[in-house]
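Please keep the sequence and the three-dimensional view side by side while reading, since the paragraphs below move from one part of the chain to another.

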Amino acid sequence: MTTDIPTDVFEEHRRVLMGVAYRMLGRVADAEDVVQEAWLRWSGADHRAVREPRAYLVRVTTRLAIDRLRQIKARGETYVGPWLPEPYVTDFGDTVEDTAERAVLADSVSLAVLVVLESLSPLERAVFVLREAFGYPYADIAAMLDRGEPAVRQLAGRARKHVDEGRPRYEVDPVQRRDLTERFLAAAAEGDLAGLMQLLAPDVRLVGDSGGKTKAPLRILETADNVGRFLVAVAGKGIPDLSFRFLELNGGPAVLILSGDKPDSVFQVDVSAGRIRSVYIVRNPDKLRSLASA
């Protein structure tokens, strides 16, 4: 190691560790807990024996995330209504220069992909995240997970097949997506059904996540007519002291709706062929706390 300051080394890799933990768990608070536990492990380690700090830290974080995910699944909690990942601020800034790499990172943290990842086993999810999002060689993943390389390749194949079958194919042009998001927000806020119908694909889906703690559809809404009429009805009820803010969440533009200074909901859309194919609304207050200061 080229430094004797463990804190500096850890902070250098914190963004990557948080990225791994969040993709594994889909929950910001749980990911932060895992990263904190990784720091405790790192602070007590013999740093002179660590040749590659990043690989060591990713290994520790991945294993802790696997354990946490197994605990979550073992609890078998019943979620009220559709489930969406907790919105996650993803401003890659200048840390990712390559456009292709940026697109891969954005896709791997998208709401659509994270929903599919929920159905994978913890090991499948770990292999998929390390391989597809961060590009680790199979041999390195095998060492991190104490598995043979053939077994890791098999896990990766199963996970990739499942994700490819489960995730919809959407365009990732950020300019078009931002434009449609702005037009969607304007039409929805004004209760403009005709304007919404021009933006929504005929087979559009609206997924609302409230966790049963506030108002949102308890089932997925389908078709432009149903989705449009629902949004117009919501606009008619209004939100006290309404304001909104554009953020980059889960790799794409999103809208944070505020009531006063308190986060009320997050809207995000997926786009294909110039039309909105999916609308995601997160209203579960537990999943909006981390955005209070965003």
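Which residues in α7 meet which residues in α8? Before that is answered, it should be said that the model is a predicted one, and the description that follows is to be read in that light. On the side of α7, the residues in question are Tyr138, Ala139, Ile141 and Ala142, and they meet Glu149, Val152, Arg153, Ala156 and Arg160 in α8. Sorted by character, the residues of this contact comprise six nonpolar and three charged ones, with no polar residue in the set.

The geometry of this pair can be followed on the model. Two packed helices are described by the angle between their axes and the distance between the axes. Helix α7 covers residues 138-145 and helix α8 covers residues 149-166, and their axes come within 9 Å and cross at roughly 105°. Because angles from 65 to 115 degrees count as roughly perpendicular, α7 and α8 are described as roughly perpendicular to each other.

Earlier in the sequence comes helix α6, which is made of the twelve residues 122-133 and reaches 16 Å from its first C-alpha to its last, close to the 16 Å expected at 1.5 Å a residue. Ten of these twelve residues are buried, so α6 is largely enclosed by the rest of the structure. Among the buried residues are Pro122, Leu123, Val127, Phe128 and Ala133, but Glu124 and Arg125 also belong to the buried set. After α6 comes Gly135, which has a positive phi near 70°.

The next topic is the sheet. Six strands form an open sheet with mixed pairing, in the order β2-β1-β6-β5-β4-β3. The edge strands of this sheet are β2 and β3, each of which pairs on one side only. Helix α9 packs on the sheet, where it touches β1, β3, β4, β5 and β6, and its direction makes about 125° with that of β5. Helix α11, for its part, lies across β1, β2, β5 and β6 and runs at about 50° to β1.

Strand β6 can be examined through its two partners. Strand β1, residues 200-209, runs parallel to β6 and is joined to it by six bridges, and in this pairing Asp209 stands opposite Val282 in β6. Strand β5, residues 262-272, pairs with β6 in the antiparallel sense over seven bridges; here Phe267 stands opposite Ile281 in β6, while Asp270 stands opposite Ser278. The hairpin of β5 and β6 has two residues between the strands, and in it Ala273 takes a positive phi near 55°. Six of the eight residues of β6, which covers residues 275-282, are buried, so this strand is largely enclosed by the rest of the structure.

Two helical residues can now be considered individually. Thr181 is placed in helix α9, residues 174-190, and, because buried means under 20% relative accessible area, its relative accessible area of 2% makes Thr181 a buried residue. Once its neighbours within four places in sequence are left aside, Thr181 is in contact with Phe246, Pro253, Val255 and Val269. Leu199 lies in helix α10, residues 193-199, and is likewise buried, with a relative accessible area of 3%. Not counting residues up to four places away in sequence, Leu199 touches Leu180, Arg183, Phe184, Arg275 and Ile276. Leu199 and Ala151 are 48 residues apart in sequence, and their C-alpha atoms are 45 Å apart in space.

The last stop concerns backbone angles in two loops. Thr223, found in the loop between β2 (221-222) and α11 (224-237), has a positive phi of about 80° although it is not a glycine. Asn250, in the loop between β3 (242-249) and β4 (252-259), also has a positive value in a residue other than glycine, with phi near 50°. Are these residues buried or exposed, or somewhere in between? Thr223 is partly exposed, with a relative accessible area of 34%, whereas Asn250 is buried, with a relative accessible area of 2%.

Note on methods: Residues numbered from 1 in each chain as written. Predicted model: local features only at pLDDT ≥ 70, side-chain atom pairs only at ≥ 80, totals over all residues. Heavy atoms only, no water. Helix = DSSP H or I, 4+ residues; strand = E, 2+ residues; numbered from the N terminus. Expected span 1.5 Å × (residues − 1). Buried < 20%, exposed > 50% of the residue type's maximum accessible area, 1.4 Å probe, protein only. Pairing = 2+ DSSP bridges. Axes fitted to C-alpha atoms, helices over the stretch in contact; angles between N-to-C directions. Parallel < 35°, antiparallel > 145°, perpendicular 65-115°, else oblique. Contact = heavy atoms within 4.5 Å. Nonpolar A, V, L, I, M, F, W, Y, C, P; charged D, E, K, R; others polar.
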